[in-house]
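Biologist: I would like a close look at a single part of this model, taken slowly and with its surroundings. Please keep the reasoning explicit as you go.

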Amino acid sequence: MALTIWEALAVFAAGIGAGTINTIVGSGTLITFPVLLATGLPPVTATVSNALGLIPGSVSGAIGYRAELKGQRALVLRLGVAAAIGGWAGRCCCSCCPRPRSRRSSRSSSRSHWSS
């Protein structure tokens with residue numbers, strides 16, 4: 001999939017903005033996910049790309065706020081276990097559900113949806 005220069009600039013700008021927002025308060029996905037969909041990426045690819053893009057911001061945020069995180073080990077472990085259980089349960093639910101029969105993955109159909 002080749003992006004136009006304007007689409008590439010939009011994705012870059014959304015990434016910079018979302019990274020900044022994610023480091024401070026989170027919710028940068030509200031910026032990047034719609035931009036990725038608008039460029040024609042299928043929803044699953046956009047979701048995975050978005051999730052991978054969150055890693056550097058999360059790491060830099062943890063480093064930047066390390067003084068505030070001191071003494072939070074027990075809380076982080078409890079929340080980590082809860083997140084792992086929730087992720088596992090979600091994975092089980094998704095693997096039990098039937099998959100859609102058709103997907104709108106062509107770039108032209110995605111563009112026509114966004115332009116109307």
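Biologist: Leaving aside its neighbours within four places in sequence, which residues is Asn50 in contact with?

Modeller: Before the answer, a word on what is being read: this is a predicted model, and the chain has a mean pLDDT of 81, with 84% of its residues reaching 70 or more. The chain holds six helices and zero strands, so that read along the sequence its pattern is α-α-α-α-α-α.

Asn50 has its place in helix H3, and once its neighbours within four places in sequence are set aside, its contacts are with Thr29, Thr32, Phe33 and Leu36. Asn50 counts as buried because its relative accessibility is 9%, below the 20% under which a residue is called buried. Buried residues make up 15% of the 116 residues in the chain.

Two of the partners of Asn50, Thr32 and Leu36, appear again when helix H2 (residues 29–38) is considered by itself, for the buried residues of H2 are Thr32, Leu36 and Leu37. These buried residues cover an arc of only 130° around the axis, which puts them on the same side of H2. The general background is that an α-helix has 3.6 residues a turn, so residues three or four places apart point the same way. Just after H2, Gly40 takes a positive phi of about 105°.

Pro43, which like Asn50 has its place in helix H3, also touches H2 residues: not counting residues up to four places away in sequence, Pro43 touches Phe33 and Leu37. Phe33 is thus a partner of Pro43 and also of Asn50. Pro43 and Phe33 are 10 residues apart in sequence, and their C-alpha atoms are 8.7 Å apart in space. As for exposure, Pro43 counts as partly exposed because its relative accessibility is 48%. Further along, Gly57 lies in helix H3 and counts as buried, at 14% relative accessibility; the C-alpha atoms of Gly57 and Ile24, which are 33 residues apart along the chain, are separated by 9.3 Å.

Thr32 leads on to the largest pocket, since it is listed with Ala14, Gly15, Ala18 and Gly53 as lying nearest the centre of that pocket, which is lined by 17 residues. The elements that give two or more residues to this lining are helix H1 (5–24), H2 and helix H3 (43–64), and H1 gives the most, with eight residues. About 270 Å³ of space lies in the largest pocket, and the residues of its lining divide into nine nonpolar, eight polar and no charged.

On the scale of the whole chain, among contacts between residues at least 6 apart in sequence, 54% join residues at least 24 apart.

A caution on confidence belongs here as well. Among the elements of the chain, helix H5 (residues 73–96) has the highest mean pLDDT, 91, whereas helix H6 (residues 107–115) has the lowest, 48. Over residues 108–116 the pLDDT is below 50, and beyond near neighbours in sequence this stretch has eight contacts in the model. Where pLDDT is low, the predicted coordinates should not be read in detail.

Terms used
Residues numbered from 1 in each chain as written. Predicted model: local features only at pLDDT ≥ 70, side-chain atom pairs only at ≥ 80, totals over all residues. Heavy atoms only, no water. Buried < 20%, exposed > 50% of the residue type's maximum accessible area, 1.4 Å probe, protein only. Helix = DSSP H or I, 4+ residues; strand = E, 2+ residues; numbered from the N terminus. Arc of directions from axis to C-beta. 1 Å grid on protein atoms, 1.4 Å probe; cavity = no way out; pocket = protein on both sides within 12 Å on 5 of 7 lines; lining within 4 Å. Points joined across faces, edges and corners; volume = space filled by probe spheres on them. Nonpolar A, V, L, I, M, F, W, Y, C, P; charged D, E, K, R; others polar. pLDDT = per-residue confidence, 0-100. Contact = heavy atoms within 4.5 Å.
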